[in-house]
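The following exercises deal with empty space and with aromatic contacts. Work through each task with the structure open before reading the solution.

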Amino acid sequence: MTHFASRVVTWQAQFGRHHLPWQIHRSPYTVWLSEVMLQQTQVATVLNFYPKFLTKFQNVQTLAAASIEDVLALWSGMGYYSRARNLHRAAQQVMQNFGGEFPKSAAELVQLAGVGRSTAAAIAAFCYGERVSILDGNVRRVLSRVLAFEGDLTKASEVNGLWEQATALLPTRNLKTTMPAYTQGLMDMGATLCHVREPECIRCPVALACRAHAGQNVNAYPLKTRARKRSTESVWLLLAQTKSGEVLLAQKPLRGVWAGLYSLPAFASEDELLNATSPVAQSKLRIAPAFKHVLTHKDLWLHVVQFDAVTRSKLASLGGWYSVSSAMQLGLPAPIRKILNTMQPKETT
């Protein structure tokens, strides 16, 4: 693997990505924010959320001082909401434990809520030139192919083995400049060349050093033997509306699906919903066709039950009443936002 790092650095300068907003104005705060957003989320989606989030929360100080409701509201639609809660908690840790300045080493950064080893390494490498390796999904794929790594990456012990080999490949000179370029180069190769299927090996700067390419079996890597188990769950949602167009919403508990977000009152079964609305609403309930919402390990079948509420007080125990415009400013799960958009009642003027 002689000259591996230098090939990556040279390629990144000419062919890598340089236009992403968190690259243009790079700081520990912007790198951290982008890394958290990019977990389980495509770049195109993050590009829609990142500018708005940064406009509202310009730095770690404003983020730490914000309410969790405001943070979740701006995160609404991007999913994986534990990221937003950890982001808020980590900002407060930076303020309380580090005097408002991000730690300057990966070993300290990993102490922050929601910051794992790879995210900590990204901040340290990009902002401080620390010689540490990231190992996000794209980079795992690149390096497991380059090394023909036989370890099962569903096992923590095997991931640690890949991390050791990844560290050995890191640049050794001029770290302040080479570490950011090398780290970005691996990310860019994974995103633009070393695809999950049909990698573009002919354009890859390290193809001659890639053992999987030499063995003509790139699709065999990375090795993952444990399949994710998926489950199915039905959720019954009450869409109660007043004549003036207000809708009933309830804030979810801080644990479980959609934790801390606002949702239509949700029930585990039709019977539970009927019991909660009886005898006020049952004769006036209208059940819409169910639709599926896909989570990481679970499929949710959502049953929307509509009800025209004559008075607000009868259902007050289930939540609070909001105009549709004010509801859309809250932290809402994507399917709830979709429901309010497509089934939006007319508001009085």
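**Exercise 1.** Which helix gives the most to the lining of the largest cavity?

*Solution.* Begin with the conventions: this is a predicted model, in which local features need pLDDT of at least 70 and side-chain atom pairs count only at pLDDT 80 or more, while totals for chains, interfaces and linings use all residues. Residues are numbered from 1 along each chain as its sequence is written, and side-chain values use heavy atoms, with hydrogens and water left out.

Next, identify the space: on a 1 Å grid over the protein atoms alone, a cavity is a set of points where a 1.4 Å probe fits but cannot get out, and lining residues have an atom within 4 Å of a point. The count comes to 1 cavity of 30 Å³ or more, and the largest cavity holds about 130 Å³, a volume being the space filled by probe spheres set on the points. Of its 14 lining residues, C194, P199, C201, C204 and C210 are the closest to the centre.

Finally, assign the lining to elements, where helices are DSSP runs (H or I, at least four residues) numbered from the N terminus. Helix α10 (residues 137–146) gives the most, with 3 residues.

**Exercise 2.** Describe the second largest pocket by its volume and its lining.

*Solution.* A pocket is an open set of points with protein on both sides within 12 Å along at least five of seven lines. The second largest pocket has a volume of about 190 Å³, and its lining includes F49, K52, D70 and R337. The elements that give two or more residues to this lining are α4 (43–56) and α6 (68–75).

One further detail concerns two of these lining residues, F49 and K52: the charged end of K52 sits over the ring of F49, 5.2 Å from its centre (the criterion being NZ of Lys or CZ of Arg within 6 Å of the ring centre and within 35 degrees of the ring normal).

**Exercise 3.** How many aromatic pairs does the structure hold?

*Solution.* Rings of Phe, Tyr and Trp (its six-membered ring) pair if their centres lie within 6.5 Å, and planes over 60 degrees apart count as edge-to-face. The structure holds 7 such pairs. One of them joins F4 and Y182 edge-to-face, at 6.3 Å centre to centre with 75° between the planes, and links helix α1 (residues 4–15) to helix α12 (residues 175–192), the two residues being 178 apart. F4 has 1% relative accessibility and therefore counts as buried (under 20% relative accessible area, 1.4 Å probe, protein chains only), and Y182 is buried with 1%.

Methods. Phe/Tyr/Trp six-rings, centres within 6.5 Å; stacked < 30°, edge-to-face > 60°. Buried < 20%, exposed > 50% of the residue type's maximum accessible area, 1.4 Å probe, protein only.
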